[in-house]
Amino acid sequence: MIALTALRAGEYMLVKASIAGAIVTNTLFMLGASLLLGGLKHHVQEFNKAGARFQAGLLFLATVALLIPSAVGAADAMKTTAFTEQLSVSLAVYL
């Protein structure tokens, strides 16, 4: 409801912040709930180092893929529009 009202009012940054906040909140809630419920059922939990390293690598790759077009676009916004779009599409296909 908030997002629809904000979109009608032209508050696009508020919608972006609201969506980002919802994603972070849900991610942290799910992590906490998983740890709590897993701890209640299994008193000793195991940690898979290889899986955690792989997931961290994927997260790092996605973060870099999001930051590179932003940095290139912010460097010179007037000349790099076509290049930034092509770079964004290439990174999206790669991911």
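These questions and answers walk through a predicted model of one protein.

Visitor: How many helices and how many strands are there in the protein?
Guide: The model is predicted, and its elements run α-α-α-α from the N terminus on. No strand appears in that run. The count is four helices and zero strands.

Visitor: What pLDDT does the protein average?
Guide: Of the residues, 96% score at least 70. Where pLDDT is low, predicted coordinates should not be read in detail. Here the average pLDDT is 85.

Visitor: In which helix is confidence lowest, and in which is it highest?
Guide: Take the highest first: helix 2, residues 12–41, has a mean of 88. The lowest mean is 82. That value belongs to helix 4.

Visitor: What radius of gyration does the protein have, set beside a compact globule of 95 residues?
Guide: The C-alpha atoms fill a box of roughly 55 × 35 × 20 Å along the principal axes. A compact globule of 95 residues would come out near 12 Å. The protein has 19 Å.

Visitor: What share of the 95 residues is buried?
Guide: Buried means under 20% relative accessible area. The protein exposes about 8,200 Å², with carbon and sulfur atoms supplying 72% of it. Buried residues make up 9%.

Visitor: How far does helix 4 reach from its first C-alpha to its last?
Guide: Helix 4 spans residues 81–94, which is 14 residues. At 1.5 Å a residue, 20 Å is expected. The helix comes close to that, reaching 20 Å.

Visitor: Why do the buried residues of helix 4 lie on the same side?
Guide: The buried residues are Thr84, Leu87 and Leu91. An α-helix has 3.6 residues a turn, so residues three or four places apart point the same way. Thr84, Leu87 and Leu91 therefore share a side of helix 4, because the arc they cover around the axis is only 65°.

Visitor: Which helix do those buried residues pack against?
Guide: The other side of helix 4 carries exposed residues, Ala82, Gln86 and Val93 among them. The buried residues of helix 4 have a packing partner at 49–75. That partner is helix 3.

Visitor: Is glutamate 85 buried or exposed?
Guide: Glutamate 85 is found in helix 4. In space, its C-alpha lies 9.2 Å from that of glycine 73, twelve residues away in sequence. The cut-off for exposed is over 50%. Glutamate 85 has a relative accessible area of 52%, so it is exposed.

Visitor: How far apart in space are glycine 39 and alanine 62?
Guide: Glycine 39 has its place in helix 2. It is partly exposed, with a relative accessible area of 27%. Alanine 62 is 23 residues away in sequence. C-alpha to C-alpha, the two are 30 Å apart.

Methods. Residues are numbered from 1 along each chain as its sequence is written. This is a predicted model: local features need pLDDT of at least 70, side-chain atom pairs count only at pLDDT 80 or more; totals for chains, interfaces and linings use all residues. Side-chain values use heavy atoms; hydrogens and water are left out. Helices (H or I, at least four residues) and strands (E, at least two) are DSSP runs, numbered from the N terminus. The expected span of a helix is 1.5 Å times one less than its number of residues. Buried means under 20% relative accessible area, exposed over 50%, partly exposed in between (1.4 Å probe, protein chains only). The arc is that of the directions from the helix axis to the C-beta atoms. Contact means heavy atoms within 4.5 Å. The radius of gyration is taken over C-alpha atoms; the globule rule is 2.2 Å times the number of residues to the power 0.38. Accessible areas come from the Shrake-Rupley method with a 1.4 Å probe; for residues, only the protein chains shown count as cover. pLDDT is the predictor's confidence in each residue, from 0 to 100.
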